[in-house]
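Here's a quick, friendly walk through a few corners of this structure. Have a look at the picture, then read on.

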Amino acid sequence: MKILVTGGLGFIGSHTVVELQNEGFDVVIIDDLSNSSLEVLEGITSISGIKPYFEELDLKIKSDVKSFFSKHSDVVGVIHFAASKAVGESVKEPLMYYENNISTLVYVLQEMTKLNRQNFIFSSSCTVYGQADELPITENAQVKPAQSPYGNTKQIGEEIIQDTCKVNEKLNSIALRYFNPIGAHPSTEIGELPIGVPQNLVPFITQTAMGMRERLSVFGGDYATPDGTCVRDYIHVVDLAKAHVVALQRLLENKNTSNYEVFNLGTGKGSSVLEAIHSFEKVSKKKLKYKIVDRREGDITAAYAETSKANNVLGWKTELSLDDAMSSAWKWEQKIRNK
Ligand code: WQD
């Protein structure tokens, strides 16, 4: 069965392509290479031994999206990752984010509604919750006003899908709200490739340990948490990728109970920044240079998932630990720096 993965050369997209291939799916990838490279396609191929069909395509060009879908009318499922995802950048470039993250979703959905099989998995984010009132966070937690244009594009994206599903019962969709994806494939053939100075914690940790950064700035030590640093739910990207395959199979096997479902994807365990640092130091046997500095604008204090819906309804749970993720991230950093 042919599955389209948009943004399939990205961090989570590439790991999901590998897991889809492991399950025997025929994968076609669209990516505009704005935040990736063709080396990722080689990495996927070296892991699975199967080179996915790839088309470099800008999903903002409606006519190109139309012609792609007319060539691939046998697609039975779409996993939509293609979007810009840097929170800080979205604050500086809101229109670029609204154009790139919303218009592309609309064009993909418009073409999908012409397919025989319309199964859609949407890459969403726990960022839609903002600072939740209760922890752990369930799927029924209130969706708060977005703290960034990036987060707003995920909220708007979910609403667009819901509205479309209301009038098109052939469209079956699942929104997956990721907590904090980290780590890399154990083969070290694919992983996170941040461009420029990493915004996210784990690539900054591994680049600091590699000597590429002077030291890690820990943004805030005075939060209302056990050690004063922010708490997040760090999920191994391979666990996250597997969840996408399970969600797709749920739709393909018509097991969904409505044509729009939402699942939180996390470990259910919160870890502070200092705990993440200690995990890295343990698995890498390296002392990390860091300094606690002022808080980062827009950061929430704590977020971690309530996982019973994903575990019991979706039938998926994480199998890898924070240490596993840190170890894979470090091995990947060493590989790409050829150390
Ligand atoms: C994690 C923690 C920082 C860098 C964002 C998006 C979310 C998702 C993941 C796309 C925070 C601290 C970080 C550093 C630090 N992205 N930190 N020093 O902000 O939880 O989530 O990325 O879907 O939607 O909102 O992730 O990795 O940036 O930060 O102390 O140099 O690490 O303050 O507490 P975040 P992050």
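Let's begin with two helices: the axes of helix α9 (residues 273-284) and helix α11 (residues 322-336) come within 9 Å and cross at roughly 60°. That crossing is right-handed. On the α9 side, the residues taking part are Glu-275, Ala-276, Ser-279, Phe-280, Lys-282, Val-283 and Ser-284, and they meet Leu-322, Asp-323, Met-326, Ser-327 and Trp-330 in α11. Sorted by character, the residues of this contact divide into 6 nonpolar, 3 polar and 3 charged. Keep in mind that this is a predicted model.

What else does α9 touch? Its buried residues pack against α7 (201-209), β8 (216-219), β10, β12 (271-272), β13 (290-293) and α11. The buried residues of α9 are Val-273, Leu-274, Ala-276, Ile-277, Ser-279, Phe-280, Glu-281 and Ser-284. Right behind α9 comes Lys-285, with a positive phi near 55°.

Another helix to look at is α8 (residues 237-252). Is α8 enclosed or open? It is largely enclosed by the rest of the structure, because 13 of its 16 residues are buried. Just after α8, Asn-254 has a positive phi too, of about 55°.

Here is how α8 and α9 compare with the span expected at 1.5 Å a residue:

| Helix | Number of residues | Expected span | End-to-end C-alpha distance |
|---|---|---|---|
| α8 | 16 residues | 22 Å | 23 Å |
| α9 | 12 residues | 16 Å | 16 Å |

For α8 the two values agree, and the reach of α9 is close to what is expected.

Now for His-236, which lies in strand β10 (residues 234-236). Is His-236 buried or exposed? It counts as buried because its relative accessible area is 4%, and the cut-off for buried is under 20%. Leaving aside neighbours within four places in sequence, His-236 is in contact with Ile-182, Ala-184, Leu-320, Asp-324, Ala-325 and Ser-328.

Last stop, strand β4 (residues 75-80). All 6 of its 6 residues are buried, so β4 is largely enclosed by the rest of the structure. Which strands pair with β4? One is strand β1 (residues 2-6), which pairs with β4 in the parallel sense over 5 bridges. In that pairing, Thr-6 has His-80 of β4 as its bridge partner. Another is strand β5 (residues 118-125), which runs parallel to β4 and is joined to it by 3 bridges. There, Val-78 stands opposite Phe-120 in β5.

Technical notes
Residues numbered from 1 in each chain as written. Predicted model: local features only at pLDDT ≥ 70, side-chain atom pairs only at ≥ 80, totals over all residues. Heavy atoms only, no water. Helix = DSSP H or I, 4+ residues; strand = E, 2+ residues; numbered from the N terminus. Buried < 20%, exposed > 50% of the residue type's maximum accessible area, 1.4 Å probe, protein only. Contact = heavy atoms within 4.5 Å. Pairing = 2+ DSSP bridges. Axes fitted to C-alpha atoms, helices over the stretch in contact; angles between N-to-C directions. Left-handed = near helix turned anticlockwise from the far one by under 90°. Nonpolar A, V, L, I, M, F, W, Y, C, P; charged D, E, K, R; others polar. Expected span 1.5 Å × (residues − 1).
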